[in-house]
Amino acid sequence: MSLKSLQEKIGVGADGAFGPGTMKKAMEFYKLTPVRAAHFFAQTAHETGGFKAFAENLNYSAQGLQGIFGKYFPGNLEESYSRNPEKIANRVYANRMGNGSEASGEGYKFRGRGYIQLTGKENYTSFAKSIGEDTVANPDLVATKYSFDSAMIFFEKNKLWAICDKGINDAAILELTKRINGGTHGLEDRKVKTYKYYEYVK
């Protein structure tokens, strides 16, 4: 769900810009507290590059592959995968998260999509059951119609709302970032957005 389609769903002007009006309306529509809304939208804004990218970009150079996915590319193997997102995803995500072998193509088919990236056949299957639509047969639905909903379910499933409820502070932002990102990538931007968005709705 692009920002415009979210705006249409919640009944505000669909201009594709995220500001106080959209945030307040989304908070009411999804029955979020101001604290939860600030954390949720700050994290998802960072993860999507400002609500612009809803599918994982795996267009890495050989050097990039070595830096990020080095263990999957021993020797000089990365050279033959460089700048080929489909091949990269099929290798990196093979035989895990419910995906088949590299040759199955499921790594790319079930690559990360949504506001907080849903990745792997297992997660797509679980998500399909929760929303009642077949996102295994049509995984692109997670990047379009359900990108927001998949992030909400991610927060629910991983008990992130309880972290949000600890308040608007650096410790809560750090804890959320580690749970979502697996590290502290973009922590400063996430902090700036969390405090800014809280000002919109407190």
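Contact here means heavy atoms within 4.5 Å of each other. Helices are DSSP runs of H or I with at least four residues, numbered from the N terminus.

This is a predicted model: local features need pLDDT of at least 70, side-chain atom pairs count only at pLDDT 80 or more, and totals for chains, interfaces and linings use all residues. Residues are numbered from 1 along each chain as its sequence is written, and side-chain values use heavy atoms, with hydrogens and water left out.

**Helix H3**

Start with H3, residues 34–47. H3 has 14 residues. From first C-alpha to last, H3 reaches 20 Å, close to the 20 Å expected at 1.5 Å a residue. That expected span is 1.5 Å times one less than the number of residues.

Of the 14 residues of H3, 11 are buried, so the helix is largely enclosed by the rest of the structure. Buried means under 20% relative accessible area, exposed means over 50%, and partly exposed lies in between (1.4 Å probe, protein chains only). Among the buried residues of H3 are Val 35, His 39, Phe 40, Phe 41 and His 46. What do they pack against? The buried residues of H3 pack against H1 (3–10), H2 (20–29), H8, H9 (160–164), H10 and H11 (187–201). Just after H3, Gly 49 takes a positive phi of about 60 degrees.

**Two buried residues beside H3**

Lys 193 lies in helix H11. Lys 193 is buried, with a relative accessible area of 18%. Its side chain joins that of Asp 189 in a polar contact of 2.8 Å. A polar contact is a pair of N or O atoms within 3.5 Å; within protein, one must be able to donate a hydrogen and the other to accept it, and residues adjacent in sequence count only if both atoms are side-chain atoms. Leaving aside neighbours within four places in sequence, Lys 193 is in contact with Ala 42, Ala 45 and His 46. Those three also appear among the buried residues of H3.

Gly 167 sits in the loop between H9 and H10. Gly 167 counts as buried, at 15% relative accessibility. Not counting residues up to four places away in sequence, Gly 167 touches Val 35, His 39 and Ala 172.

**The largest pocket**

About 820 Å³ of space lies in the largest pocket. Of the 28 residues that line this pocket, the closest to its centre are Glu 47, Ile 116, Gln 117, Thr 119 and Ile 180. On a 1 Å grid over the protein atoms alone, a pocket is an open set of points where a 1.4 Å probe fits, with protein on both sides within 12 Å along at least five of seven lines; lining residues have an atom within 4 Å of a point.

H3, H4 (62–69), H7 (121–131), H8 (147–157) and H10 (170–181) each supply at least two residues of the lining. The largest share, 4 residues, comes from H8.

**Positive phi outside glycine**

Most residues other than glycine have a negative phi. Two loop residues here have positive values.

| Residue | Loop | Phi | Relative accessibility |
|---|---|---|---|
| Lys 31 | between H2 and H3 | near 55 degrees | 74%, exposed |
| Asn 95 | between H5 (85–92) and H6 (106–109) | about 55 degrees | 59%, exposed |

Notes. Points joined across faces, edges and corners; volume = space filled by probe spheres on them.
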